[in-house]
Amino acid sequence: MKIQGKMFMWLSAFILVMAVVYGVWSKEPAGTTALFLAFGLAIMIGFYLGFTAKRVDVGAQDNRDADVADDAGELGFFSPHSWQPLSLAIGGAFAFLSIAIGWWLMYFSAPLILIGVWGWVFEYYRGENRTQ
């Protein structure tokens with residue numbers, strides 16, 4: 001994580017220089033603001049990665065002699081079957097479609113989104129997957 005933190009810090013320095021150069025040359029406020037916001041995001045990520053790297057064990061990515069397989073291992077738990085993303089996708093599609101068609105469509109998309117979020121959060125608290 002240490003190398004990623006350094007990369008984001010260097011990226012934030014580059015973006016800051018480019019934001020100043022762009023702002024002076026173009027005198028265009030929207031692009032200059034966007035570059036300064038990108039600088040802020042890059043420095044936040046770099047600070048977080050550097051701050052976290054001090055508190056976790058050294059990973060394989062920080063060792064120059066490491067192989068790709070050295071960082072292999074458990075990636076986490078991924079649900080093998082779930083219908084909740086389908087409900088969220090349909091509800092989200094209706095919600096974005098309501099911007100083009102009419103806000104009345106939001107009345108149909110909000111319950112789909114809420115049902116999808118509720119089902120996804122409590123998916124492993126009930127039913128056949130309760131013990132996983």
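A contact here means heavy atoms within 4.5 Å, and that is the sense in which one helix will be said to cover another on this tour of a predicted model.

Begin with the whole chain displayed as a cartoon, where the secondary structure comes to four helices and zero strands, so that the pattern read along the sequence is α-α-α-α. The radius of gyration is 22 Å, well over the 14 Å that the globule rule gives for 132 residues, and the chain is therefore more spread out than a compact globule. If you draw a box along the principal axes, the C-alpha atoms fill roughly 50 × 45 × 20 Å. Colouring by relative accessible area will show that buried residues make up 22% of the 132 residues. Among contacts between residues at least 6 apart in sequence, 57% join residues at least 24 apart.

Next, select residues 106–121, which form helix α4. Its 16 residues should span 22 Å at 1.5 Å a residue, and the end C-alpha atoms are indeed 22 Å apart, which agrees. Show the side chains or C-alpha atoms of S109, G116 and G119, which are buried in α4. Turn the view to look down the axis of α4: the buried residues fall within an arc of 100°, so they line one face of the helix. Then add residues 84–101, since what covers the buried residues of α4 includes α3. On the other side of α4, select Y107, L114 and W118, which are exposed.

Now turn to the aromatic rings, for which a search of the whole structure finds four aromatic pairs. One of them joins W104 and F108, an edge-to-face pair with 6.3 Å centre to centre and 85° between the planes. W104 counts as partly exposed because its relative accessibility is 48%, whereas F108, at 52%, counts as exposed; the cut-off that separates the two classes is 50%.

Another edge-to-face pair is made by F122 and Y125, with 5.8 Å centre to centre and 65° between the planes. F122 has a relative accessible area of 30% and is partly exposed, while Y125, at 62%, counts as exposed. Add W118 to this selection, and you have a cluster in which ring pairs link W118, F122 and Y125; W118 was already met among the exposed residues of α4.

For the last stop, select F51 and R55, where R55 lies over the face of the F51 ring, at 3.9 Å from the ring centre.

How values were computed:
Residues are numbered from 1 along each chain as its sequence is written. This is a predicted model: local features need pLDDT of at least 70, side-chain atom pairs count only at pLDDT 80 or more; totals for chains, interfaces and linings use all residues. Side-chain values use heavy atoms; hydrogens and water are left out. Helices (H or I, at least four residues) and strands (E, at least two) are DSSP runs, numbered from the N terminus. The expected span of a helix is 1.5 Å times one less than its number of residues. Buried means under 20% relative accessible area, exposed over 50%, partly exposed in between (1.4 Å probe, protein chains only). The arc is that of the directions from the helix axis to the C-beta atoms. Rings of Phe, Tyr and Trp (its six-membered ring) pair if their centres lie within 6.5 Å; planes under 30 degrees apart count as stacked, over 60 as edge-to-face and the rest as tilted. A charge sits over a ring if NZ of Lys or CZ of Arg is within 6 Å of the ring centre and within 35 degrees of the ring normal. The radius of gyration is taken over C-alpha atoms; the globule rule is 2.2 Å times the number of residues to the power 0.38.
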